[in-house]
Amino acid sequence: MELKEIKKMYSDLTKNYDKRVKNRGKYTAYKKMSLLTIKELKLKNAKILDLGCGTGLSSLEFFNKKYEVTGIDLTPEMIKEAKKLSFKKLICQDLEIPLKVKDEEFDAAVITGVMEFIKNPLSLFKEINKKLKHEGIFAITIPKKFPKGSKAPYKNYYKKEIEPVFKKAGFKIIECKHFFGFKQLEGTRSIYYYGYLLKKVKSTSK
Ligand SMILES: C[S@@+](CC[C@H](N)C(=O)[O-])C[C@H]1O[C@@H](n2cnc3c(N)ncnc32)[C@H](O)[C@@H]1O
């Protein structure tokens, strides 16, 4: 999907996003991945980077822990909605250009429900690596490869395709969970996710 289309889709969805994805879409990845991150971090205070934060669902558990969260999203309407929550900072930008946050600043980065739209995963993962502290945690949902012949406007992967990309970007896999992702709001397709918990093991440059 082109950036313009993604922006339009999420701008139209913003008002009813939380209700629609939770009820009709049966989407729970935002909670699963943030809880896994918190469990792995074992920190009292932490700085989190929520990439493609949307309305902020993916940061609710971090707010409960009083963590300091910076959110980034492409869609201005989503950012406006996210401003109602306790984000430390919100940035409206495309994730596929250099991220406008400091290097080696964050204890963890999360990206849930977004890889469906990312054209160059390696470049984004390297950029995330730069923004994490040494041994920083990276939690991510990857749409599982669709069955042959099925069409959807989303990027989707085999494990064997995406895992070498994590490695190349300087990450080690701590664990990988397989779970139901969401039901497409228009149509009947169910999307499944791989939920990866990763650790930065070496620094990489572009
Ligand atoms: C399904 S929502 C996920 C929101 C949130 N992470 C959650 O789990 O509820 C996808 C979000 O990714 C954002 N997005 C998609 N492509 C993006 C890009 N290239 N750069 C930044 N944000 C993007 C959309 O604007 C939208 O808010």
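**Salt bridges and a two-faced helix**

The side chains of K15 and E81 come together in a salt bridge, with 3.7 Å from N to O. This bridge links distant parts of the chain: K15 sits in the loop between α1 and α2, E81 belongs to helix α5, and the two are 66 residues apart. K15 itself is exposed, at a relative accessible area of 67%. Please keep in mind as you follow along that the model is predicted.

Let's step back from K15 to helix α1, which spans residues 3–13. Which of its residues are buried? They are I6, Y10 and L13. Viewed down the axis of α1, the buried residues fall within an arc of 60°, so they line one face of the helix. The spacing fits a general rule: an α-helix has 3.6 residues a turn, so residues three or four places apart point the same way. On the other side of α1 you will find K4, K8 and D12, which are exposed. And what do the buried residues of α1 pack against? Their partners are α2 (17–23) and α5 (76–82). Helix α5 is therefore a packing partner of α1's buried residues and also the home of E81, from the salt bridge with K15.

Now for another part of the chain. K131 forms a salt bridge with D103, and the closest N and O atoms are 2.6 Å apart. K131 lies in helix α6 (residues 121–131) and D103 in the loop between β3 (89–92) and β4 (106–111), so this pair ties together parts that are 28 residues apart in sequence. How accessible are the two partners? K131 is buried, with a relative accessible area of 5%, whereas D103 counts as partly exposed at 45%. The pair also has company: D103, E127, K130 and K131 are linked in a network of salt bridges.

Strand β4 brings us to one more pair. The side chains of K133 and D107 meet in a salt bridge, at 3.1 Å from N to O. Here K133 is in strand β5 (residues 132–143) and D107 in strand β4, with their positions 26 residues apart in the chain. K133 is partly exposed, with a relative accessible area of 32%, while D107, at 13%, counts as buried.

How many salt bridges are there in total? The count comes to 10, and the pairs we visited are K15 with E81, K131 with D103 and K133 with D107.

Methods:
Residues are numbered from 1 along each chain as its sequence is written. This is a predicted model: local features need pLDDT of at least 70, side-chain atom pairs count only at pLDDT 80 or more; totals for chains, interfaces and linings use all residues. Side-chain values use heavy atoms; hydrogens and water are left out. Buried means under 20% relative accessible area, exposed over 50%, partly exposed in between (1.4 Å probe, protein chains only). Helices (H or I, at least four residues) and strands (E, at least two) are DSSP runs, numbered from the N terminus. The arc is that of the directions from the helix axis to the C-beta atoms. Contact means heavy atoms within 4.5 Å. A salt bridge is a side-chain nitrogen of Lys or Arg within 4 Å of a carboxyl oxygen of Asp or Glu.
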